[in-house]
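User: I've got a structure to look at for class. Can you walk me through it?
Analyst: Sure, put it up and ask away.

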Protein chains: 2
Amino acid sequence: MVTIYDIAKKANVSAMTVSRVINKADNISEQTRKKVEAIIKELNYIPNSSARSLISKKTKILSLMVTDISNPFFTSVARGAEDKAMQMGYQLLLCNSDENIEKESKYIDMLISTGTDGVLIAPANDSSKKNIRKLIKHNIPIVLIDRYIRDLGCDQVLSDNETTTRKLIEHLIEQGHRRIAIINGPLDVATSRERHQAYCDTLRLHGLPVNDKWIHQSELFHHSDVSSKIKELIDLPAGERPTAIFATSNFLGLNTVKSLLKYNIRVPEDIAVVCYDGVPNYTESELFLTAAEQPSYHFGYMGAQMLIERIEKTSPAEPRKIVLPAEFHIRASSRYKVEK
Amino acid sequence: MVTIYDIAKKANVSAMTVSRVINKADNISEQTRKKVEAIIKELNYIPNSSARSLISKKTKILSLMVTDISNPFFTSVARGAEDKAMQMGYQLLLCNSDENIEKESKYIDMLISTGTDGVLIAPANDSSKKNIRKLIKHNIPIVLIDRYIRDLGCDQVLSDNETTTRKLIEHLIEQGHRRIAIINGPLDVATSRERHQAYCDTLRLHGLPVNDKWIHQSELFHHSDVSSKIKELIDLPAGERPTAIFATSNFLGLNTVKSLLKYNIRVPEDIAVVCYDGVPNYTESELFLTAAEQPSYHFGYMGAQMLIERIEKTSPAEPRKIVLPAEFHIRASSRYKVEK
DNA sequence: CTGTTAGCGCATTCAG
DNA sequence: CTGAATGCGCTAACAG
């Protein structure tokens, strides 16, 4: 391994001078700087980050904790975060919590040990608060992504759950729907809770009934089997059976449509479907499923930017909150007027 | 920050003893071990990885270099790699090269600086050899994923390009096709080259013509606009126009189908399409596009396993090569017999 | 079984 | 503008 001393010896200067060249200190004569740089290149010297970190307490590593990178929403968040990180000279460490608090906790201990400079986190659920507090106690800046947790006083990049949900439900109401079901994630996740609340509020606002039988919460937010619940819904008596379903995530939306088709329910003629969050633009559902698409790339990009500003102390002291609007794509799955 | 000395002082032992407890050395009395462990827990002590790395030259960090994590193939590779890494006590650093040699090179310098223990890499193209050589020179073990590069003497997890391509082409031949086009990536990527070669070989083997007009290589392997080439193909005179297209990647396949539909070409009646690599199982194309699906998760999982074995020197000295077979899904896009 | 000494590679003092 | 000494937190090697 080539060290700063190898360079120093060969250049007939002290290690300190080499260090100054590496760190672009300005009080170096043009001549020695050139000489040192030449030898650095010649010997292919690359500074040892561990040694630097040991002194500086900085690693130039950001961490991204998501529930599952396989979810296209988080894939895109990761891509955005990585782009910003790279641009600012940081690297990105990837963690999948699988919506599991213990796994998340284990990861966070590893992150503290590694000495990550900051963490972008989409918490598993409300119980993540304890895990996040641990990061804060270790003075590691964090940015909450997508899922809000109270009383943490940290930067956030969130979706406008209230507005977006309301618009989706109102779209269904405009199409003539009066019995609207919700296929939702667990209520210990902020996004589910807020979408649930906005769903209820919007129905009430328009004088429509809120029926417990139309409300479903899955165990996990993503990749849940919803077909038994769908079966329940379609088996309700004619006057109680919903004519539309609001699915609160991309996977829930896709699984809802799949289940409906499995039971030979026509979408949208028998039951319309709208979905919170989009599906990737390389799918065909993109042409079918009505969706409020979240700017997932920007969740990561803006999140990383806020995080770096926090790390480098170029941001205001008080926590910042960015709320990103969704983009509405009204498509075939809800493009059908219900007869009165 | 809590250090080993804080623990030592409070426990009335030396720092070395604490170190031994942390590293689970066996020559520690049960009593002192218990005492030290209690204080570690009490003070929430987490060892500093930088300090450890400085001595051990190990970081417990694996790096994954892909062209783009947004590509579902690599998303799944990443998930597999991360699972294995976590299971073995490693963390995963994510890098997107965007099929760009300079970006890849810059990343590799960062990785060397960070001191990653090993790199899983899907090289941008053949010119990546120089970048990879740099890693090898720094004694960083690497595993080549998906894209082979000659004379590097390192472990590999590859797809069986020859067999898989042949089977796809033979499937088309069985369906009665005699004029088969190929929409391929650039030939400086091994997978493209091998699929190209197998495509030509298979056609010749069956006494079918190989026509230069049917052969297309895009600039980049993924996300390329193929519609102008598709236009050329469908504008060929009746006797020369292909009746089937072999697309060599997921995105090329999806874009091929989209382009064909745009030009009002029926798939598969007018032109059949088969695709190397699958599309995610949450898409509807999954139900449509004939595909040789690669076990992408296992590319990452097995790759990480080989890499860790190489790092921990539990693997044989000679480089290992794993060739993973694809899974064939014959679907609507090619389920159509051509009339003779 | 436990402690002491030394040093990993670098950057922060403080002197020149 | 440059250099020498010191220590970041931890562990290998040795000594007891």
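User: Where is A:Gln156?
Analyst: A:Gln156 sits in strand 5 of chain A, residues 155-159. Helices (H or I, at least four residues) and strands (E, at least two) are DSSP runs, numbered from the N terminus.

User: Is A:Gln156 buried or exposed?
Analyst: A:Gln156 is buried, because its relative accessibility is 10%. Buried means under 20% relative accessible area, exposed over 50%, and partly exposed in between, with a 1.4 Å probe and protein chains only.

User: What does A:Gln156 touch?
Analyst: Leaving out residues up to four places away in sequence, A:Gln156 touches A:Val143, A:Leu144, A:Tyr148, A:Met306, A:Arg320, A:Lys321 and A:Ile322. Contact means heavy atoms within 4.5 Å.

User: Any ground rules I should know?
Analyst: This is a predicted model, where local features need pLDDT of at least 70, side-chain atom pairs count only at pLDDT 80 or more, and totals for chains, interfaces and linings use all residues. Residues are numbered from 1 along each chain as its sequence is written, chains are lettered from A and ligands numbered from 1 in the order in which they are written, and side-chain values use heavy atoms, with hydrogens and water left out.

User: OK, DNA. Which residues come nearest to strand D?
Analyst: There are 27 residues around DNA strand D, and A:Thr17, A:Arg20, B:Ile4, B:Ser19 and B:Tyr45 come nearest. Near means that one of a residue's heavy atoms lies within 4 Å of the molecule or strand. Of the strand D atoms within 4 Å of the protein, sugar and phosphate make up 61%.

User: Which side chains have an N or O atom by a base of strand D?
Analyst: A:Arg20 has a side-chain N or O atom 2.4 Å from a base oxygen of DNA strand D. B:Tyr5 has one 3.3 Å from a base nitrogen of that strand. A polar contact is a pair of N or O atoms within 3.5 Å; within protein, one must be able to donate a hydrogen and the other to accept it, and residues adjacent in sequence count only if both atoms are side-chain atoms.

User: And from the backbone?
Analyst: A backbone N or O atom of B:Ala51 is 3.4 Å from a base nitrogen of DNA strand D.

User: Which element gives the largest share of the surface near strand D?
Analyst: Helix 4 of chain B does, with four residues. By class, that surface has 14 nonpolar, nine polar and four charged residues. Here Ala, Val, Leu, Ile, Met, Phe, Trp, Tyr, Cys and Pro are nonpolar, Asp, Glu, Lys and Arg are charged, and the others, Gly among them, are polar.

User: Now strand C. Who comes nearest there?
Analyst: Of the 26 residues around DNA strand C, the nearest are A:Ile4, A:Met16, A:Tyr45, B:Thr17 and B:Arg20. The side chain of B:Arg20 puts an N or O atom 2.3 Å from a base oxygen of strand C. For A:Tyr5, a side-chain N or O atom is 3.3 Å from a base nitrogen.

User: Which element leads on strand C?
Analyst: The largest share of the surface near DNA strand C comes from helix 4 of chain A, with four residues.

User: What does UniProt say about residues 2-56 of chain A?
Analyst: An unreviewed UniProt entry annotates them as "domain: HTH lacI-type". UniProt positions are given in the numbering used here, feature names are shortened, and annotations may be inferred rather than shown by experiment. In the model, residues 2-56 of chain A are 67% helix and 0% strand.

User: Switching topic. Which peptide bond is cis in chain A?
Analyst: A cis peptide bond joins A:Val267 and A:Pro268, with omega about 10 degrees. A:Pro268 is in the loop between helix 11 (250-262) and strand 9 (272-276) of chain A.

User: And in chain B?
Analyst: The bond from B:Val267 to B:Pro268 is cis too, with omega near 10 degrees.

User: Why point those out?
Analyst: Because most peptide bonds are trans, and most residues other than glycine have a negative phi.

User: What about phi at A:Asp146?
Analyst: A:Asp146 is not a glycine, yet its phi is positive, about 70 degrees. A:Asp146 counts as buried because its relative accessibility is 7%.

User: And B:Asn139, buried or exposed?
Analyst: B:Asn139 is exposed, with a relative accessible area of 68%. B:Asn139 also has a positive phi, about 60 degrees.
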